Amino acid sequence: MIISHKYKFLFIGLPFSASSAISKELHLQYNGESLLRKHSLYHEFKKAATKEELEYFVFAVLRNPMDIAVTV
């Protein structure tokens with residue numbers, strides 16, 4: 001999970017969705033900081049977030065389930 005206070009976003013990394021590559025880019029280019037665990041879910045974030053952080057743009061990337069089946 002990556003958060004940027006400067007750009008006000010939260011990225012939720014999902015397994016088998018290039019989340020490591022996306023997280024690396026968000027760290028390097030968009031002032032991203034690691035938050036919680038790599039594959040934490042939104043409800044975990046909600047428990048720890050401030051009122052301001054709950055207003056951030058939240059996004060994730062989901063791969064085609066058939067592509068995941070082939071990978072596994």
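**A salt bridge, a strand pair and a ring cluster**

Lys-8 is partly exposed, with a relative accessibility of 41%, because this value falls between the 20% below which a residue is buried and the 50% above which it is exposed. The structure described here is a predicted model, and Lys-8 is a good place to begin a tour of it. Lys-8 sits in the turn of a hairpin formed by strand 1 and strand 2, where 4 residues separate the two strands, and its phi is positive, at about 55 degrees. The partner of Lys-8 in a salt bridge is Glu-52, with 3.8 Å between the closest N and O atoms. This contact links distant parts of the chain, since Lys-8 belongs to the loop between strand 1 and strand 2 while Glu-52 belongs to the loop between helix 2 (42-48) and strand 4, 44 residues apart. The count of salt bridges in the model comes to 1.

From the turn, the view moves to the strands. Strand 1 (residues 2-4) pairs with strand 2 in the antiparallel sense, over 3 bridges. Within this pairing, Ile-2 has Phe-11 of strand 2 as its bridge partner. Strand 2 also runs parallel to strand 4, to which 4 bridges join it. Here Phe-9 is found opposite Phe-57 of strand 4.

Which residues cover the two faces of strand 2? One side carries Phe-9 and Phe-11, the other carries Leu-10 and Ile-12, and all of these are buried. The pattern fits a simple rule: side chains in a regular strand alternate between the two faces of the sheet.

The aromatic rings come next. The model holds 5 aromatic pairs. In one of them, Phe-11 and Phe-59 are tilted, their planes at 45 degrees and their centres 5.2 Å apart. Phe-11 is part of strand 2 (residues 9-12) and Phe-59 is part of strand 4 (residues 57-60), so this pair ties together parts of the chain that are 48 residues apart in sequence. The two partners differ in their surroundings: Phe-11 is buried, at 0% relative accessible area, whereas Phe-59 is partly exposed, at 25%. Phe-59 also pairs with Phe-57, and this pair is stacked because the planes meet at 25 degrees, with 5.8 Å between the ring centres, and planes under 30 degrees apart count as stacked. Phe-57 itself is exposed, with 57% relative accessible area. Taken together, ring pairs join Phe-9, Phe-11, Phe-57 and Phe-59 into a cluster.

Helix 1 completes the picture. Its buried residues pack against strand 1, strand 2 and strand 4. Ser-19, Ser-23 and Leu-26 are buried in helix 1. These residues span an arc of only 65 degrees around the axis, so they lie on the same side of helix 1. The other side of helix 1 holds Ala-21, Lys-24 and Leu-28, which are exposed.

Ser-23 offers a closer look at this packing. Ser-23 is a residue of helix 1 (residues 19-29), and its relative accessible area of 14% makes it buried. Leaving aside residues up to four places away in sequence, Ser-23 touches Ile-2 and Phe-11. These two contacts of Ser-23 are also bridge partners of each other, Phe-11 lying in strand 2. Just after helix 1 comes Asn-31, which has a positive phi of about 55 degrees.

How values were computed:
Residues are numbered from 1 along each chain as its sequence is written. This is a predicted model: local features need pLDDT of at least 70, side-chain atom pairs count only at pLDDT 80 or more; totals for chains, interfaces and linings use all residues. Side-chain values use heavy atoms; hydrogens and water are left out. Rings of Phe, Tyr and Trp (its six-membered ring) pair if their centres lie within 6.5 Å; planes under 30 degrees apart count as stacked, over 60 as edge-to-face and the rest as tilted. Buried means under 20% relative accessible area, exposed over 50%, partly exposed in between (1.4 Å probe, protein chains only). Two strands pair if DSSP finds at least two bridges between them. Contact means heavy atoms within 4.5 Å. A salt bridge is a side-chain nitrogen of Lys or Arg within 4 Å of a carboxyl oxygen of Asp or Glu. The arc is that of the directions from the helix axis to the C-beta atoms.
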